[in-house]
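Good morning, colleagues, and thank you for coming. I would ask you to keep the sequence and the structure in view while I speak.

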Amino acid sequence: MTANTVTRQHFNQYFVPVYDPAQFIPDHGKGSRLWDTTGREYVDFAGGIAVSALGHAHPAMVEALKNQAEKLWHLSNAYTNEQVIKLAKKLVDNTFADLVFFANSGAEANEAALKLARKVGSSINPSKTEIISFTKSFHGRTLFTVSAGGQPKYSAAFAPLPAGIHHATYNDIESVKALINDNTCGVIIEPIQGEGGIIPACPEFLKQLRELCDKHNAALIFDEVQSGMGRTGKLYEYMNTGVTPDILTTAKSLGGGFPIGAMLANEKYGKQLVVGDHGTTYGGNPLACAVANAVFDIVNDEKLLAGVIERHEHFVKKINELNATYPIFQEIRGKGMLIGCALKPEYAGRSKEIVNLAAAEGLMCLVAGPDVIRFAPSLIIEFADIDEGMNRLAKALANFK
């Protein structure tokens, strides 16, 4: 079987049917352009769901991976390595955190965060194990994290679910007050809800959430798996809010496409884990950390982060121009290179149709639920690529009835 003989039908034949991928099969990419196995070109506004921070095949990432591949691929957690120590130092030096735990994904980072909150809570009081999350949130696919996520469509089939998890209403502090008490060990929140529709948290809401966590001695956990690593024009979105969490999770753009995740914690929480409490086979893998170090060095730059804001403004301008001709969007949401276009009520439930039409015109984009089109491209996408992608979206919308 070669690239020219692999088809979408082979996917249906060999895979457990938990995905419904596009009919075309991507083959290679460069920057924010991608080509499928037939040689057709696409503009990539999807970014691997906010993962490909530097686009495809960025030379610094390729070099880092090649160099490390010739040195050391893997060690068990009975050993450490140079790359993981360098990356941990960068994360600590540039955030609120004092300590880091590396995992393979955002779900695993969130799993570690929730376990940490429960361990610390139960050490104070055996009943202090309850967790508050939010409706429409998404925190991963492990049983614990999918239960914390506020979308029953992802968890209902796997009941019975872990107990002690409650869901408040996003941006509604009164709903939190109705749930939080001295048995609450942690509150987990996305500062921008991703799968829930690209909805930013109100700064005052986050400030009051911080105060409630302090009052009840509960960990405030920011899930920045999607919003982190420069995506909103700051290294992490908490830096835009004036609110500092106790624990933060990061993944996706951290590796720019190479699987890696991390839990960052302040000393109060991070020091509570001891040898044997938690672990992972591949977390802190030298290959992953080498690539993440290269990504971090490029992203953690004032000029690049300012460019993310400039690109956001350009996207918004182009979307508004498009909407003047094809008035289907009622609202543009998000920050930086995490943008949501909410459909008007008369088009509710049809976001996937638009994504499919866009793909037919050579544009890759995403949904964020049934009513929102999501753009999460490279942080350094060329302005010409934004314009060309919008031209292709215009053709798609012309066919949207």
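I shall go through two sheets, a run of paired strands, and then several individual residues. Please bear in mind throughout that this is a predicted model.

Let me begin with the sheets. One of them is an open sheet of four strands with mixed pairing, in the order S1-S2-S3-S15. Why is one side of S1 and of S15 left without a neighbour in the sheet? Strand S1, residues 26–30, and strand S15, residues 363–364, stand at the edges and have a single partner strand each, so one side of each has no neighbour there. The partner of S1 that I would like to show you is strand S2, residues 33–36: the two run antiparallel and are joined by four bridges. If you look for Gly29, you will find that its bridge partner in S2 is Leu34. A helix also packs on this sheet, namely H15, residues 383–398, which touches S2, strand S3 (41–44) and S15. The direction of H15 makes about 110 degrees with that of S3.

Within H15, I draw your attention to Asp385. Is this residue buried or exposed? Asp385 has a relative accessible area of 9%, and therefore counts as buried. Which residues does Asp385 touch, once those up to four places away in sequence are set aside? They are Ser32, Arg33, Val43 and Phe45. With Arg33 there is a polar contact between the side chains, at 2.7 Å. Asp385 also illustrates how distant parts of the chain are brought together: 354 residues separate it from Gly31 along the chain, while their C-alpha atoms are 9.5 Å apart.

The second sheet is again an open one of four strands, but here the pairing is antiparallel and the order is S13-S14-S17-S16. Its edge strands are S13 (329–335) and S16 (366–367), each of which pairs on one side only. Two bridges connect S16 with strand S17, residues 372–375, in the antiparallel sense. Val367 stands opposite Ile373 of S17.

I turn now to strand S7, residues 184–189. How many of its six residues are buried? Six of the six are, and the strand is mostly covered. S7 pairs with strand S5 (residues 130–134) in the parallel sense over three bridges, and Ile131 has Gly186 in S7 as its bridge partner. S7 also pairs with S10, again in the parallel sense, over four bridges. There, Ile188 stands opposite Ile221 in S10.

S10 covers residues 219–223 and includes Asp223. What is the nearest side chain of opposite charge to Asp223? That side chain belongs to Lys252, 8.9 Å away, and Asp223 has no salt bridge although it is buried. Its side chain does make a polar contact of 3.0 Å with the side chain of Asn110. Beyond its neighbours within four places in sequence, the contacts of Asp223 include Phe138, His139, Ile188 and Thr249.

Lys252 deserves a word of its own. It is placed in the loop between strand S11 (247–250) and strand S12 (261–265). With a relative accessible area of 23%, Lys252 is partly exposed. Its phi is near 40 degrees, a positive value in a residue that is not glycine.

Met229 also has a positive phi, of about 60 degrees, without being a glycine. You will find Met229 in the loop between S10 and helix H10 (238–241). Is Met229 buried or exposed? Its relative accessible area is 0%, so Met229 is buried.

Another backbone feature lies at Ala159 and Pro160, which are joined by a cis peptide bond with omega of about 5 degrees. Pro160 belongs to the loop between helix H7 (152–155) and strand S6 (165–168).

Finally, I come to Gly121, in helix H5, residues 106–124. Gly121 counts as buried because its relative accessibility is 3%. Leaving out residues up to four places away in sequence, Gly121 touches Lys128 and Cys185. Its C-alpha atom is 14 Å from that of Ile247, which is 126 residues away along the chain.

That concludes my presentation, and I thank you for your attention.

Conventions:
Residues are numbered from 1 along each chain as its sequence is written. This is a predicted model: local features need pLDDT of at least 70, side-chain atom pairs count only at pLDDT 80 or more; totals for chains, interfaces and linings use all residues. Side-chain values use heavy atoms; hydrogens and water are left out. Buried means under 20% relative accessible area, exposed over 50%, partly exposed in between (1.4 Å probe, protein chains only). Lys and Arg count as positive and Asp and Glu as negative; His and the chain ends are not counted. A salt bridge is a side-chain nitrogen of Lys or Arg within 4 Å of a carboxyl oxygen of Asp or Glu. A polar contact is a pair of N or O atoms within 3.5 Å; within protein, one must be able to donate a hydrogen and the other to accept it, and residues adjacent in sequence count only if both atoms are side-chain atoms. Contact means heavy atoms within 4.5 Å. Two strands pair if DSSP finds at least two bridges between them. Axes are lines fitted to C-alpha atoms, for helices over the stretch in contact, and angles run from 0 to 180 degrees between N-to-C directions.
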